[in-house]
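Student: I am new to this structure and would like a close look at a single part, the packing of its interior. Please take me through that slowly, and then say what lies around it.

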Amino acid sequence: MATAKKSTAAPAKKAAAAKPAAAAKPAAKKAAAPAKAAAKPAAKPAAARKPNAAFMKEMTPSGDLAAVVGNKPLPRTEVTKKVWDYIKKENLQDPENRRMINADDKLKVVFGGKAQVSMFEMTKLISDHLK
């Protein structure tokens, strides 16, 4: 019985001693955090990327593709965005498999007569219509 009282008293003393040390640790971490935050902005400008000139080069769409995106020269990225806008506006994504595009009359000509293509195949087929 006497040993039981000593064992319960000892953990209470350890817990009391651990609390001040635990309180000091978060304060030390908070003081170190602003130093790390100050170091991060200096690294950010070095990581800035420039757009690839090949993607930004304006290309003229063929007559078939112009029916969807317009006939003005556009960069490839803008052509893809406009095709996706058209697909979403006309609700041409397959509801069961969203990676598949169901072609309407305008897109069927661009897709080489295929009624359905995958979104990955679509970019390949569109690039054939850019000069």
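Tutor: I begin with a term: a residue is buried when its relative accessible area is under 20%, exposed when it is over 50%, and partly exposed in between, computed with a 1.4 Å probe on protein chains only. The model is predicted, so local features need pLDDT of at least 70 and side-chain atom pairs count only at pLDDT 80 or more, whereas totals for chains, interfaces and linings use all residues. Residues are numbered from 1 along each chain as its sequence is written, and side-chain values use heavy atoms, with hydrogens and water left out.

The largest nonpolar core (buried Ala, Val, Leu, Ile, Met, Phe, Trp, Tyr and Cys residues joined through side-chain atoms within 4.5 Å) has 21 residues, and Phe111 and Met122 are the ones that touch the most other members. Two or more of its residues come from each of helix H3 (63–69), H4, helix H5 (105–110) and helix H6 (119–127), where helices (H or I, at least four residues) and strands (E, at least two) are DSSP runs numbered from the N terminus. The most is given by H4, with five residues. In soluble globular proteins, nonpolar side chains tend to be buried together.

Phe111, looking beyond its neighbours within four places in sequence, is in contact (heavy atoms within 4.5 Å) with Ile101, Ala103, Val117, Met122 and Leu125. Met122 and Leu125 belong, together with Ile126, to the buried residues of H6. Because these three cover an arc of only 100° around the axis, they sit on the same side of H6, the arc being that of the directions from the helix axis to the C-beta atoms. That buried side packs against H3, H4, E3, H5 and strand E4 (116–118), while the face of H6 turned away from it carries the exposed residues Phe120 and Lys124.

A charged residue is also found among the buried ones. Asp94, in the loop between H4 and E3, is buried yet has no salt bridge (a side-chain nitrogen of Lys or Arg within 4 Å of a carboxyl oxygen of Asp or Glu), and the nearest side chain of opposite charge, Arg98, is 8.2 Å away. In that comparison Lys and Arg count as positive and Asp and Glu as negative, with His and the chain ends not counted. Apart from neighbours within four places in sequence, Asp94 is in contact with Met100, Asn102 and Gln116.

The structure does hold two salt bridges. In one, Glu121 joins Lys114, with the closest N and O atoms 2.3 Å apart; Glu121 is partly exposed at 27% relative accessibility, and Lys114 is also partly exposed, at 36%. In the other, the side chains of Lys81 and Glu78 meet at 3.6 Å, N to O, and both residues lie in helix H4, three residues apart, about one turn of the helix. Lys81 is partly exposed at 49%, as is Glu78 at 31%.

Finally, the loop between helix H4 (76–89) and strand E3 (100–102) also holds Asn91, which is exposed, with a relative accessible area of 62%. Phi of Asn91 is near 55°, a positive value in a residue other than glycine. Most residues other than glycine have a negative phi.
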